[in-house]
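Welcome, and thank you for opening the viewer. Let us walk through this structure together, one selection after another.

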Amino acid sequence: MACFFRRKIAAKLGRALQQSEDVFIPALSAVPVFRKQQSPDFKLSINTLRSSGVLPSSGDTQEQSEELANRLKQDSVVEDISAGNGVIHFKVNRKLLVEKMLEPFGKEDDHTFGLNSELFKTLKKGTTLVEYSSPNIAKKFHAGHLRSTIIGNFIANLKQSLGYNVIRMNYLGDWGMQFGLLGAGFGTFGCQEKLKQNPLQHLFEVYVQVNKEAAHNEDMMQAARDFFRQLEQHESEAVSLWQQFREITVDEYQRVYKRLNVHFDIYSGESFHQHGAQEVVQQLQSRGLLKTSETGAGVVDTSTDGDMSSVCAVQRADGTTLYITRDLAAAIDRKEKYNFDEMIYVTDKGQANHFNQLFHVLRALGHSWADRCEHVPFGLVRGMSTRSGEVVFLEDVLNEARNRMLHNMSQSKTTKEMDDPEDTAEKVGISALIVQDFKGPLHSDYKFDWDRMLQAQGDTGVFLQYTHARLCSLIRRNEGVGGFIFDPSLLLEPTSIIVLQHLLRYDEVLYQSSQDLQPKHLVNFLLKLCHLVASAHRELPVKGSSQEVAQARLRLFSGAGSVLAGGMRILGITPVDKM
């Protein structure tokens, strides 16, 4: 694997410069490959050595590159060393490259390829709490929650695969004046029978009706205020109805999450932190941090100069708390309960100021761990609609993706017979949704495009699934090939070498993703792997080759398929083996 070569080159550098080889491990990186030209395997940046004090920071980088390259000798592992523009390139022994890269495959632990890299030793692994999805109860799952759900799932999957203890939390919007409206509205417009038949659709209809009514009917608005006051005072009838709304909503959400292959360890919510929110206000008051605004609201000064130019409201004039007050109480409660080492919130970029204020107030309260809290923001999805028009609900989007994919599969001449075409279409459609979302920077808005998203060729989730299914089919068709000792010298063609060179970068890509929590690095790595595998599939036939050559090529394709499947699972995609 990449670690073997990185360590050998680092040892060579350590001897030449009389430094610990560990100094050079992070400075060595695998070289990105290009299909039509041969490239070296690893490169060492001279500037990295200069900035770390290993080489003098003055002087010409080109001269330093050439001087160091001349001091390094070739051996049985490294067969060529050359100086480039401020870098040194290393080409490893081709037969050894094949042998070491394909060594893990065909064993029980081949799914851990790249995950035990020494690059991850520098990561401070501990307990990571990821809060994502977080829809409002008593409302259908809006398509806008799709990004939070799949991005949070990716971050949790990535951290877990790298050895962190991950807590997946869904923090439901289950408190506030909206439930006063819904409770009062259900008394007027609601029907228990309809609630049983189609729970969220009925609650949605009630909510729309009561909002229209409350807009011009003060009696309805007062009824809503009365219902929410009853909730806050824990009156049994109001609480019982609220609990019913909450339970049926969570049940409905879990059905949608199952389709997305998403699960949560904890379903929490604002309602859990009513009492804690009042305690936060008291703590702010006792520390002299709570000020009263001109409108009578309780605020905290979050301006850098302490001049009240920027304030965070934590209490209404009537003494009730706000969303951010409950968020403060939730953060403090989570630290006490789970003792996390880091907490990650995944929400749209419109909430950036909310989280800046949240972390500021936590620090002001003396919670230094607020520095280990992070907001991962994402942009908007534009133009998400189905054939029937504008879409509001995520389930409509999932159904549309499945149905379009099922249609495409039925029209394709290459589609294989499968036990459950709908299930396959569902998984492939969801892959397409995820890959379209993950290809660019998360903070950017992007335009949703059904046709481009579902193309079988090009950089799509369909292409990932098609490549994986094709590799599975190739291995199934050749199950009888085996019994020979694997001979690395049978895989020295440029086409197979370039696939292995690309696999050298896998641990670096995962490391990069762990640093900025962006899925684009992994998505683009896997898409490029699929293109390289497609070339290899054309140029390295298994059928018609001698058994020894067939076995060697199958080892290459099996390894590529294993990495592809592992990477897809981290992204939250379930690989299919027939298409």
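## First stop: two salt bridges

Start by selecting Arg225: this residue is partly exposed, with a relative accessibility of 34%. Keep in mind throughout that you are looking at a predicted model. Now add Glu218 to your selection, and you have a salt bridge, with the closest N and O atoms of Arg225 and Glu218 2.5 Å apart.

For a second pair, select Arg259 and Glu426. Their side chains meet in a salt bridge of 2.7 Å, N to O. Which helices hold the two partners? Arg259 belongs to helix H10 (residues 236-259) and Glu426 to helix H15 (residues 421-438), so this pair links distant parts of the chain, 167 residues apart. Arg259 counts as buried at 18% relative accessibility, and Glu426 is buried too, with a relative accessible area of 12%.

Please keep those two selected and add Glu252, Arg255, Glu395 and Arg402. Salt bridges with shared partners join these residues, together with Arg259 and Glu426, into one network. Across the structure, there are 31 salt bridges.

## Stepping back: the domains

Colour the protein by its domain assignment: domain 1 covers 2-92, domain 2 covers 127-285 + 328-382, and domain 3 covers 385-571. How many ångströms lie between the centres of domain 1 and domain 2? Taken over C-alpha atoms, the separation is 51 Å.

## A four-stranded sheet

Next, select strands S1, S2, S4 and S3. In that order they form an open sheet of four strands with antiparallel pairing. Which strands stand at the edges? They are strand S1 (28-30) and S3; each has a single partner strand, so one side of each is left without a neighbour in the sheet. Turn the view to look at the twist: neighbouring strands here are turned by 25 degrees against each other on average, direction ignored.

Zoom in on S3 and S4, which pair in the antiparallel sense over five bridges. Within this pairing, Ile81 has Phe90 in S4 as its bridge partner.

Stay with these strands and pick out Lys91 and Glu79, which form a salt bridge with the closest N and O atoms 3.7 Å apart. Lys91 sits in strand S4 (residues 87-92) and Glu79 in strand S3 (residues 78-83), and the two are twelve residues apart. Are these partners buried or partly exposed? Lys91 is partly exposed, with a relative accessible area of 26%, and Glu79 also counts as partly exposed, at 30% relative accessibility.

Now show helix H3 (residues 61-71). This helix lies across strand S2 (42-45), S3 and S4, and runs at about 155 degrees to S3.

## A parallel pair

Move on to strand S5 (residues 127-131) and S6, which run parallel and are joined by five bridges. Highlight Leu129 and you will find that its bridge partner in S6 is Ile167. How many residues of strand S6 are buried? Seven of the eight residues of S6 (residues 165-172) are, so this strand is largely enclosed by the rest of the structure.

## A three-stranded sheet

Select S8, S9 and S10 next. They make an open sheet of three strands in the order S8-S9-S10, again with antiparallel pairing. At the edges are strand S8 (290-292) and strand S10 (311-315), each pairing on one side only. Neighbouring strands of this sheet are turned by 45 degrees against each other on average, direction ignored.

Look between strand S9 (residues 298-301) and S10: the two run antiparallel and four bridges join them. Val300 stands opposite Cys312 in S10. Then bring in helix H11 (residues 274-286), which lies across S8, S9 and S10 and runs at about 125 degrees to S10.

## Last stop: the cysteines

To finish, select the cysteines. How many disulfides are there? The count comes to zero. Cys373 is in no disulfide; its nearest cysteine sulfur is that of Cys312, 15 Å away. Cys373 is buried, with a relative accessible area of 9%.

Cys472 is in no disulfide either, and the nearest cysteine sulfur, belonging to Cys530, lies 12 Å away. At 19% relative accessibility, Cys472 counts as buried, because the cut-off for buried is under 20%.

Conventions:
Residues numbered from 1 in each chain as written. Predicted model: local features only at pLDDT ≥ 70, side-chain atom pairs only at ≥ 80, totals over all residues. Heavy atoms only, no water. Disulfide = S-S within 2.5 Å. Buried < 20%, exposed > 50% of the residue type's maximum accessible area, 1.4 Å probe, protein only. Pairing = 2+ DSSP bridges. Axes fitted to C-alpha atoms, helices over the stretch in contact; angles between N-to-C directions. Contact = heavy atoms within 4.5 Å. Domains from an automatic or database assignment. Salt bridge = Lys/Arg side-chain N within 4 Å of Asp/Glu carboxyl O.
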